[in-house]
Amino acid sequence: MNEQTNDEYWMREAIAEARKAEAIMEVPIGAIVVKDGEIIGRGYNLRETSHDPTAHAEMIAIREASHRLDAWRLLDCSLYVTLEPCPMCAGAIVQSRIARVIYGTPDPKAGCAGTLMNLLQDVRFNHTAELISGVHQEECAALLTQFFRRLRGRPI
């Protein structure tokens, strides 16, 4: 399997996490952390449920991966997330030393992996991450669009 095929496979796992959020009426964003071909962290948006502004999919997946490795450095790990990371999540990615970030759809309101700014590849930080965008973009974007249409009572 080539790297692009791998990225598509793993993004499907992140989409499955996003669907868990959607099932409990959370904004459908999902993330996974992969190391050596194995998922070591999973997360989906839980801000409303937990009343926690830091309960983003990426933050939950990063915490789980760190506990699993018993380390705060997530070297040689890849993070797959359905929506472009926000400034908080981008900061956590830099701090945790994640090697690769693969996201589905851009976030025009808070995206800090290239849309509003690119914190993940700013050489002024002590770590930068490889960045790949647009993996399963249409499906990731549709999840969000359909969720917000349902929320506002508009036809899908």
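Here are some notes on this predicted model, going from the overall fold down to single residues.

1. **Fold order.** The protein chain has five helices and five strands. Read from the N terminus, the elements go α-β-β-α-α-β-α-β-β-α. That order is handy to keep beside you for the points below, since the elements come up by number.

2. **Overall dimensions.** The radius of gyration agrees with a compact globule: 156 residues would call for something near 15 Å, and the protein chain has 15 Å. Along the principal axes, the C-alpha atoms take up a box of roughly 45 × 35 × 25 Å.

3. **Burial and contacts.** In the protein chain, 47% of the 156 residues count as buried. If you look at contacts with a sequence separation of 6 or more, 57% of them join residues 24 or more positions apart. As for the outside, the accessible surface is about 8,100 Å², and carbon and sulfur atoms hold 51% of that.

4. **Charges.** The protein chain carries 17 positive and 21 negative charges, and the mean positions of the two sets sit 5 Å apart. How many salt bridges are there? The count is eleven. Three of the pairs get their own points here, followed by a network.

5. **Asp7 and Arg100.** These two form a salt bridge, with 3.0 Å between the closest N and O atoms. Asp7 belongs to helix H1 (residues 3-23) and Arg100 to strand S4 (residues 100-105), so the bridge ties together parts of the chain 93 residues apart in sequence. Are the partners buried or exposed? Asp7 has a relative accessible area of 5%, which makes it buried. Arg100, at 12%, is buried as well.

6. **Glu38 and Arg68.** Here the side chains meet in a salt bridge with an N to O distance of 2.3 Å. This pair also links distant parts of the chain, with Glu38 in strand S2 (residues 38-44) and Arg68 in helix H3, 30 residues apart. Glu38 counts as partly exposed because its relative accessibility is 39%. Arg68 is partly exposed too, with a relative accessible area of 48%.

7. **Arg19 and Glu22.** This salt bridge stays inside one helix, and its N to O distance is 3.6 Å. The two residues are three apart in H1, which means about one helical turn separates them. An α-helix has 3.6 residues a turn, so residues three or four places apart point the same way. Arg19 is partly exposed at 40% relative accessibility, whereas Glu22 is buried at 16%.

8. **A salt-bridge network.** Arg19 and Glu22 also belong to a wider set: salt bridges link them in a network with Arg12, Glu139 and Arg150. If you're assigning charges or protonation states, this is the group to pull up in the viewer alongside the pairs above.

9. **Helix H4.** Which residues of helix H4 (residues 87-96) are buried? They are Cys89, Ala90, Ala92, Ile93, Val94 and Ser96. The cover over those buried residues includes H3, S3 and S4.

10. **Positive phi at Arg97 and Met25.** Most residues other than glycine have a negative phi. Arg97, just after H4, takes a positive phi of about 65 degrees. Arg97 sits in the loop between H4 and S4, and its 18% relative accessibility is why it counts as buried. Met25 is not a glycine either, and its phi is positive at about 65 degrees. Met25 is in the loop between H1 and strand S1 (30-35).

11. **Leu75.** Where does Leu75 sit? Its place is the loop between helix H3 (57-69) and strand S3 (77-83). Leu75 has 44% relative accessibility, so it counts as partly exposed. Beyond its neighbours within four places in sequence, Leu75 is in contact with Lys35, Ser96 and Arg97. Two of those names have come up already: Ser96 is among the buried residues of H4, and Arg97 is the residue with a positive phi just after H4. The C-alpha atoms of Leu75 and Ala99 are 6.2 Å apart in space, though the residues are 24 apart in sequence.

Notes:
Residues are numbered from 1 along each chain as its sequence is written. This is a predicted model: local features need pLDDT of at least 70, side-chain atom pairs count only at pLDDT 80 or more; totals for chains, interfaces and linings use all residues. Side-chain values use heavy atoms; hydrogens and water are left out. Helices (H or I, at least four residues) and strands (E, at least two) are DSSP runs, numbered from the N terminus. The radius of gyration is taken over C-alpha atoms; the globule rule is 2.2 Å times the number of residues to the power 0.38. Buried means under 20% relative accessible area, exposed over 50%, partly exposed in between (1.4 Å probe, protein chains only). Contact means heavy atoms within 4.5 Å. Accessible areas come from the Shrake-Rupley method with a 1.4 Å probe; for residues, only the protein chains shown count as cover. Lys and Arg count as positive and Asp and Glu as negative; His and the chain ends are not counted. The place of a charge is taken as NZ of Lys, CZ of Arg, CG of Asp or CD of Glu. A salt bridge is a side-chain nitrogen of Lys or Arg within 4 Å of a carboxyl oxygen of Asp or Glu.
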